[in-house]
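Here are some exercises to work through with the structure open in your viewer. Try each task yourself before you read the solution.

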Amino acid sequence: MLYALVGNPNCGKTTIFNALTGLRQKVANYPGVTVEKKVGECISQHGQKMRLIDLPGSYSLNARSPDEAVMRDVLLGRQAGTPRPDRVICVLDASNLERNLYLATQVIELGLPTILALNMMDVAQARGLRVDGAALSRELGVPVVECQASTGTGILPLKLAMSQADLPPSLWKQPSLPDTVTAQLASCRNVLCEIGAIDARSSMLEPLYLINDHDPTHYGIAGEHVQHIRASRERVESLAPGWEQSFIRGRYDAIGKIVTSVVSKVAIQGKTATDRLDALLLHPLFGIVGLGLVLTLLGYMMFTVAEGPMGWIEGVFGSLAEWVKSHMPEGDVRDLITDGVIAGVSGVVVFLPQILILFFFVGIMEDTGYMARVAFIVDRVMSWVGLNGKAFLPILSSHACAVPGIMATRSIDSPKDRLVTILVAPLAACSARIPVYSLLIATLMPSSEVPPLTKSAIFVALYATGLGGAFFFAWLFKGIVMRGASSPMVLEMPAYKLPSWRSILLHLWERAWVFLRRAGSVIVGITILIWAASTYPKTAGASSSENLANSFAGRAGHLIEPIIKPLGYDWKIGIGLIGSFAARELFVGTMGVVYAVESEDDDLSPLRDRLREEKWPVGAPVYTPAVCLSLLVFYVFAMQCMSTLAVTRRETNSWKWPLFQLGYLSLAAYTLAFLAYQVGLRLCA
Amino acid sequence: MPSLPTLAELPVGKSSTIASVRDSGPSVIRLQELGLVPGTQVTMVRRAPLGEPIEIEVRGSRLAMRNHEAVYFTVEAELK
């Protein structure tokens, strides 16, 4: 028996899913889209195994996002690789019954036996509403179970209802459609059957929901079918203009009649807890101060607190590499293990503390309802560059690391906005840029001559340039590359509630696991490749510095020298650029090897001094202010991070977008570094 | 006949009834599916600091949207 769990966003559906299945659940992606497929199991009253599929939260079967299209397609049995469910559990927010019944009645019409879980009874009560589950069951004819998933109330009765051998058919009647529309839908159904877009056994509802999907190209409908669907839509629209509106109105009229006999207002209540919290958290002044405090805490956790565990992880892998070095004979295999495999795995695992901290925060903010308020406060500012409020947190988090930032874009419903946010996220100055910036600023300005305030000002300017770049490219992509109707910002502001720690921790675990498994394999592979390029071919008896100069990476440095010379760089800097291609922070270490500078711990001064002494063959210094400036600008824009590309690949489900990201950022880095060098030359001349 | 005010013009704290919907684009259809059909009572809860987005209450739920969407809905002139 396969159950589908459906419901509006914020109705407590995931809490019910977790309460029913516990840890017996698996997460994967639906093929071709980045929508999570969650499947779990539970045991019926009679000891039989029941499977549950948790479908994405949706407001309607008229899909407006990939998430909603997946829900529609699974319920209609047209989602490849997922069998049509046998029964449906529809979760309703009792405090918001009319809108929740909009989806529930659509689902009931599909004809699958349905159980309604009337959740959040406590919230309804707090609002002075008395919701009568038995009356709702009488009106609709389907079983209704009253629940309070946050406390576990009602889960057992829900399991009992699920265990019943027969579920009664519903008494609900679909609101009527004009005859012209019905006739048109029938002929559309015939056409779609003929071309194989829908199954011959499908009901009239399948063409209805397909033609109402205003963006069918995105949602797994074969390209050749889209034309027919669009043509049908236009025919229906011309025969009965406004039919969609009257259909929606008809449904709400019928729902309104049901609700009057199910819900009674016990008392007109004063302000609810949500009203009082919003008065503070959305206050023009205190709201912004509050958001600032929350973000400061997040920044502190991601930058400072995460450093501890990140240090431990690096330490553990470092000692492991030492151990291997002392227990294996010297040679290529040993170096492959220590500098390739262990360094690669370490480079993946080291992201975990930041990912866990960010998703813990995001989880709390989403679960309590605060995230919608954040989007509300910042939406106007984000709209200046064509994004909406939901893109704020991913971009902000990218200042610690673009990897968790890009993973956090899943909360953006509009695919276009989500893609633009992913593409510009690497421009936020992530923590891996800090050592590079520090080294170059130190080289540019010896500490004895320049007050520390000027250095801080340069740091701030670099951050601002990155953020400005992110906004500029977001504006460019939204305005020019991906033009079209801008996606509307419709945001539900749910009532505040206490977070469900169990759901947050489960989600955290899923995120971490997905990252380690998917992004990890790519990152480890590339690290080994870069290691090999800077190791081979070996020069017998040479120092590590000479060996690197003669390796493939070193030769490539020579090879690209003509290309990077206009930026003011020599071939040694070229090696640094290539060596830091996988991860920008490797620039510092690579330059250390290039110049054979041994430095203790994080002390940059020996390398800084060496850089300042470096001369071109003709005797002029290499690291002039113009070159340092040019390198700084290069590292603000360059896409020197394999992990980010791996995550973009995973989150966009294609190689096209990570390659585009790499391309546009490299082009921007090159062009702007060139300009910076030329301007720097003129200024210093 | 003077034209009716739009939802975007509703003062904060006031309620009115949706009179008509001017457009049938995808986002306006979605707002109707969320309960904003003619005859429904709406209350303007607040505006964000820079005037947008707006937060309204409709059928017991709170929705935020931009003025751009809100102007598609006209409301009855008498306020409650």
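**Exercise 1. Pairing in a chain B sheet**

In which sense do S1(B) and strand S5 (residues 73-75) of chain B pair, and over how many bridges?

Solution. One thing before we start: this is a predicted model.

Step 1. Look at the two strands side by side: S1(B) and S5(B) pair in the antiparallel sense, over 3 bridges. For a concrete anchor, take B:Ser20, whose bridge partner in S5(B) is B:Thr74.

Step 2. Now check S1(B) against strand S2 (residues 41-47) of chain B: they run antiparallel and are joined by 3 bridges. Here B:Thr17 stands opposite B:Gln41.

Step 3. Ask how covered the strand is. S1(B) spans residues 15-21, and 5 of its 7 residues are buried.

**Exercise 2. Order and edges**

Work out the strand order of the open sheet that contains these strands, and find its edges.

Solution.

Step 1. The sheet has 6 strands, ordered S10(A)-S4(B)-S3(B)-S2(B)-S1(B)-S5(B), with antiparallel pairing.

Step 2. Strand S10 (491-492) of chain A and S5 of chain B each have a single partner strand, so they are the edges and one side of each lacks a neighbour in the sheet.

Step 3. Trace the pairs in the middle. S2(B) and S3(B) pair antiparallel over 5 bridges, with B:Arg47 bridging to B:Ile54 in S3(B). Strand S3 (residues 54-58) and strand S4 (residues 61-65) of chain B also pair antiparallel over 5 bridges. In that pair, B:Ile54 has B:Met65 as its bridge partner in S4(B), while B:Glu55 stands opposite B:Ala64.

Step 4. Inspect the turns. The hairpin of S2(B) and S3(B) has 6 residues between the strands, and B:Gly51 in the turn has a positive phi of about 90°. The hairpin of S3(B) and S4(B) has 2 residues between its strands, and there B:Arg59 has a positive phi of about 50°.

Step 5. Finish with burial: 4 of the 5 residues of S3(B) are buried, so the strand is largely enclosed by the rest of the structure.

**Exercise 3. A leucine in the chain A sheet**

Is A:Leu5 buried or exposed? Describe its surroundings too.

Solution.

Step 1. The cut-off for buried is under 20% relative accessible area. A:Leu5 has 0% relative accessibility, so it counts as buried.

Step 2. A:Leu5 sits in strand S1 (residues 2-7) of chain A. Leaving out residues up to four places away in sequence, its contacts include A:Lys13, A:Phe17, A:Leu52, A:Ile53 and A:Val91.

Step 3. Place the strand. The open sheet has 7 strands in the order S2-S3-S4-S1-S5-S6-S8 (chain A), and the pairing is mixed. Strands S2 (25-29) and S8 (144-146) of chain A stand at its edges with a single partner strand each, so one side of each is left without a neighbour in the sheet. On average, neighbouring strands are turned by 25° against each other, direction ignored.

Step 4. S1(A) and strand S4 (residues 49-54) of chain A pair in the parallel sense over 4 bridges, and A:Leu2 stands opposite A:Arg51 in S4(A). Helix H1 (residues 13-21) of chain A packs on this sheet, and its direction makes about 40° with that of S3(A).

**Exercise 4. Helix H28 of chain A**

Compare the expected and actual span of helix H28 (residues 625-637) of chain A, then judge its burial.

Solution.

Step 1. With 13 residues at 1.5 Å a residue, the helix should span 18 Å.

Step 2. Its end C-alpha atoms are 19 Å apart, which agrees.

Step 3. Of its 13 residues, 11 are buried, so H28(A) is largely enclosed by the rest of the structure. Among the buried ones are A:Cys628, A:Phe634 and A:Tyr635.

**Exercise 5. Cavities**

How many cavities of 30 Å³ or more does a search of the whole structure find?

Solution.

Step 1. The search finds 3, and the largest has a volume of about 60 Å³.

Step 2. List its lining: it includes A:Asn62, A:Tyr102, A:Arg251, B:Ile29 and B:Glu33.

Step 3. Assign the lining to elements. Helices H3 (97-109) and H10 (243-262) of chain A and helix H1 (26-33) of chain B each give two or more residues. H10(A) supplies the largest share, 4 residues.

Note on methods
Residues numbered from 1 in each chain as written. Chains lettered and ligands numbered in written order. Predicted model: local features only at pLDDT ≥ 70, side-chain atom pairs only at ≥ 80, totals over all residues. Heavy atoms only, no water. Buried < 20%, exposed > 50% of the residue type's maximum accessible area, 1.4 Å probe, protein only. Contact = heavy atoms within 4.5 Å. Pairing = 2+ DSSP bridges. Axes fitted to C-alpha atoms, helices over the stretch in contact; angles between N-to-C directions. Expected span 1.5 Å × (residues − 1). 1 Å grid on protein atoms, 1.4 Å probe; cavity = no way out; pocket = protein on both sides within 12 Å on 5 of 7 lines; lining within 4 Å. Points joined across faces, edges and corners; volume = space filled by probe spheres on them.
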